[in-house]
Amino acid sequence: MENKVRIARIQVNLTQQQLAEKIGVTRQTISLIEKGKYNPTLKLCLDICYTVNKRLDEIFWVEKERDEK
Amino acid sequence: MKKIRDERLILKNLQNTRIAYLIQTVGILGILGYDLVTKGLDGMRENPLWLAFMITTVISAYLSMSISADHENNKKSPKKSLSISLFVLVIISTIVGFFVTFTEGFTIIDGVIMGGILFICGLVPLIYIYYLRTKRQDENFVE
């Protein structure tokens, strides 16, 4: 899943390691979320949003693909 | 050692456990299969691994019941399903009890005991699935 975690994280001047420590996960998890290779649970999404001071839709919202059936 | 709080790692851990469980089951089946070939059915059942295997199978069957209760469509009411299953169970236990009674070397008491055991063994999962279905219905109504 595509998301804007990387942009939001850089905006608040946090490294992956710092963000991970604030939330209580490993740096690898943050890295995988940013790459879109891991789907975080809603709880983790919210934790990320609280930490970078953004709303859920600002970071995780993706438009529905038009060519989908 | 620190407790793992990362949800991704917890999930990964569970997946690893599943792989280990699969390999373990294959190993147990291999050993039991070897016993079956070399020592016969009774020899296989003397192996304590047989008990471990049966307990795990029963537990996994009960656990998967809660999944199938959620998976099935809930058009029929749980009470109706329970009464149908009870009816079938009573018929099966009666038939088995009946045949045991008329087998040579067995008395009518053996038949009753055999039918009773079969009935009780079948009743437990029926009640459990009834409980699961009614619980799920209650959850659906709270909306």
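**Two interfaces in a predicted two-chain model**

Let me start inside chain B, where domain 1 and domain 2 bury about 620 Å² between them, 66% of it on carbon and sulfur atoms; buried area here is the accessible area, with a 1.4 Å probe, that two parts lose on being put together, summed over both. On the side of domain 1 of chain B, B:Tyr62, B:Met65 and B:Ala69 supply 74% of the area buried against domain 2 of chain B, more than any other three residues.

Before going further, I should say that this is a predicted model, in which local features need pLDDT of at least 70 and side-chain atom pairs count only at pLDDT 80 or more, while totals for chains, interfaces and linings use all residues. Residues are numbered from 1 along each chain as its sequence is written, chains are lettered from A and ligands numbered from 1 in the order in which they are written, and side-chain values use heavy atoms, with hydrogens and water left out.

As to confidence, pLDDT is the predictor's own figure for each residue, from 0 to 100. Chain A has a mean pLDDT of 91, with 94% of its residues at 70 or more, and chain B averages 89, with 97% of the residues scoring at least 70. Among the elements of chain B, the lowest mean pLDDT, 88, belongs to helix 4 (residues 108-141) and the highest, 94, to helix 1 (residues 7-46); helices are DSSP runs of H or I with at least four residues, numbered from the N terminus.

Returning to the domains of chain B, the division is into domain 1 (1-71) and domain 2 (73-143), with bounds that come from an automatic or database domain assignment. Their centres, taken over C-alpha atoms, are separated by 27 Å, and six residues of domain 1 of chain B are in contact with seven residues of domain 2 of chain B, contact meaning heavy atoms within 4.5 Å. Between these two domains the count is zero salt bridges, a salt bridge being a side-chain nitrogen of Lys or Arg within 4 Å of a carboxyl oxygen of Asp or Glu.

Now to the interface between the chains, where 11 residues of chain A are in contact with five residues of chain B. Chain A and chain B bury about 630 Å² between them, 48% of it on carbon and sulfur atoms, and within chain A the residues that lose the most area to chain B are A:Gly24, A:Thr26 and A:Tyr38, together 52% of what that side buries. Helix 3 (residues 27-35) of chain A contributes three residues, the largest share of the side of chain A that touches chain B.

How many salt bridges are there between chain A and chain B? The count is zero, although a search of the whole structure finds five over all chains. One salt bridge joins the side chains of A:Glu34 and A:Arg6, at 3.4 Å, N to O, and this pair links distant parts of the chain, with A:Glu34 in helix 3 of chain A and A:Arg6 in helix 1 (residues 5-11) of chain A, 28 residues apart.

Terms used
Helix = DSSP H or I, 4+ residues; strand = E, 2+ residues; numbered from the N terminus.
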